[in-house]
Amino acid sequence: MNKLVCAAAALALTVTVAEAATKVGMITTLSGGGAGLGIDVRDGFMLAIKQSGRDDIEVVIEDDQQKPDIAVQLSDKMIQSEKVDVLTGIIWSNLAMAVVPAATGQGVFYLSPNAGPSQLAGAGCSPLYFNVAWQNDNLHEAAGAWANQTGYQNSFILAPNYPAGKDALTGYKRMYEGGLAGELYTELGQTDYAAEIAQIRASGADSVFFFLPGGMGISFLKQYADSGVDLPVIGPAFSFDQGILQAVGAAALGVVNTSQWSKDIDNETNKAFVETFQAEYGRLPSLYASQGFDTANLLISALDKAEPADKEAFQAALEEADFSSTRGDFEFGPNHHPIQDIYAREVIQEGDVFTNKIIGVALEDHADAYAADCKM
């Protein structure tokens, strides 16, 4: 009988410990053309968890295959069966729009390490939704501002036809003061850009702005470099980030891109992050890795003050953003999107590695354009 009592007591203790842990569901892209982005978010996030030394955070990771229906199925499973407290991980805005409103509607916190569609920053905002990266328009707005500083007067602009692509061109045009030689929406996942490059050649443009993340950007840049079109290119970091640059190679040298993060941002947290990420994974971190790292550290900072079950207290703890960001200064606006500096970077070569260096500040303490539409 004593053995049974002891066994029951041990079981009760195990259950109590398990229930005390915070369960995080990470739905991200780990296969297909966008896998590099999701892998970097995952690796940055898990590095921060490891460095925290905490054993009370359980992370369940699933591959959304870059498909909205799969992402929704995984979200439902994690919320209803896995009983997660927090969701994170989604890269693509169309997947975020399929998952985030339903997740927050069921009372689950969502911390975005990437996608920041305008709908979720404005009228569709939620007290339970936080974006730790940017609002989709922001880096494109910075590209438009940098184009003004550079003196471009007639840009040709293009992006994929999905929510983030529309936000991209909207953001560029919001800040850019010149004229447009052309404006195109391409197919999501497109790999052949011969027709678009021919239009650029014939347009009379003095510059090209494009947003083509992942494999789309690799294909476009290589074809553009081979085409002989000699127009300066400007874009957001998504097409010039660390993983992509190695695939593009010399075709990207000299291109200016905009980003809220760079490996040469001079603060102790960022220096340590770059060093330890490279030691852990054998590669330089990307923009996405930095965002995953910051997202995990935001979560940890909030867990030091409150539990997700106490929604008001946990929301307040997240709003404080009491963590050391790889970006340096970090704060949330009233719609839970960052207010931050956005830099202009130039693609350079260091030894055998293609990377970026900061050449200026495109926008300082920049907030998104949709906060006034958010009623929380």
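Trainee: In this predicted model, does R54 count as buried, partly exposed or exposed, and what is the relative accessibility of R54?

Mentor: Partly exposed runs from 20% up to 50% relative accessible area, with buried under and exposed over those limits. R54 falls in that middle class, because its relative accessibility is 22%.

Trainee: Which residue does the side chain of R54 meet in a salt bridge?

Mentor: The contact spans 2.9 Å from N to O. The partner counts as partly exposed, with 28% relative accessibility. That partner of R54 is D56.

Trainee: Let's move on to K77 and E62. How many residues apart in sequence are the parts that this pair ties together?

Mentor: The side chains of K77 and E62 meet in a salt bridge, with 2.8 Å from N to O. K77 lies in helix α3 and E62 in strand β2 (residues 57-63), so the pair ties together parts whose separation in sequence is 15 residues.

Trainee: And what is the relative accessible area of E62, next to that of K77?

Mentor: K77 is partly exposed, with a relative accessible area of 34%. E62 is partly exposed too, and its relative accessible area is 23%.

Trainee: How many salt bridges does a search of the whole structure find?

Mentor: The pairs R54 with D56 and K77 with E62 are examples of such contacts. A search of the whole structure gives a total of 18.

Trainee: R283 forms a salt bridge with D43; how many residues apart are they?

Mentor: The closest N and O atoms of R283 and D43 are 2.8 Å apart. This pair links distant parts of the chain: R283 is in the loop between α11 (268-281) and α12 (287-303), while D43 is in helix α2 (residues 35-52), and the separation is 240 residues.

Trainee: Is D43 buried or exposed?

Mentor: The cut-off for buried is under 20% relative accessible area. R283, at 27%, is partly exposed. D43 has a relative accessibility of 7%, so D43 counts as buried.

Trainee: Which residues are linked with D43 and R283 in a network of salt bridges?

Mentor: We have already met the bridge between R283 and D43. The network holds four residues by name, and beside D43 and R283 they are D40 and R42.

Trainee: Staying with helix α2, how far apart in space are L47 and E280, C-alpha to C-alpha?

Mentor: L47 is found in helix α2 and is buried, with a relative accessible area of 3%. In sequence, L47 and E280 are 233 residues apart, yet their C-alpha atoms are separated in space by 8.0 Å.

Trainee: Where is F238, and how far in space is F238 from L37?

Mentor: F238 has its place in the loop between β9 (233-236) and α10 (242-248). At 4% relative accessibility, F238 counts as buried. F238 and L37 are 201 residues apart in sequence, and from C-alpha to C-alpha the distance is 9.3 Å.

Trainee: What about A123: is it buried or exposed, and how far in space is it from N335?

Mentor: A123 lies in the loop between α5 (118-121) and β5 (129-131). With a relative accessible area of 72%, A123 is exposed. A123 and N335 are 212 residues apart in sequence, and their C-alpha atoms are separated by 9.6 Å.

Trainee: K83 and A321 are not glycines; what is the phi of each?

Mentor: K83 is found in the loop between α3 (68-80) and β3 (86-88) and counts as exposed at 55% relative accessibility. A321 is in the loop between α13 and β11 and counts as buried at 8%. Both have a positive phi: K83 has about 60°, and A321 has about 45°.

Trainee: Which residues form a negative surface patch?

Mentor: D329 is one of them, placed in the loop between α13 (311-320) and β11 (331-332). D329 is exposed, at a relative accessible area of 72%. The patch is made by D329, E331, E364 and D365.

Trainee: Last one: which feature does UniProt place at residues 23-350?

Mentor: Over residues 23-350 the chain is 44% helix and 20% strand, with the end C-alpha atoms 41 Å apart. According to the unreviewed UniProt entry, the feature there is "domain: Leucine-binding protein".

Note on methods
Residues numbered from 1 in each chain as written. Predicted model: local features only at pLDDT ≥ 70, side-chain atom pairs only at ≥ 80, totals over all residues. Heavy atoms only, no water. Patch = residues over 30% accessible without salt bridge, like charges linked within 9 Å, V, L, I, M, F, W, Y side chains within 5 Å. Areas by Shrake-Rupley, 256 points an atom, 1.4 Å probe, with all protein chains shown as cover. Lys, Arg positive; Asp, Glu negative; His and termini not counted. Charge placed at Lys NZ, Arg CZ, Asp CG, Glu CD. Helix = DSSP H or I, 4+ residues; strand = E, 2+ residues; numbered from the N terminus. Buried < 20%, exposed > 50% of the residue type's maximum accessible area, 1.4 Å probe, protein only. UniProt positions renumbered as here; feature names shortened; annotations may be inferred.
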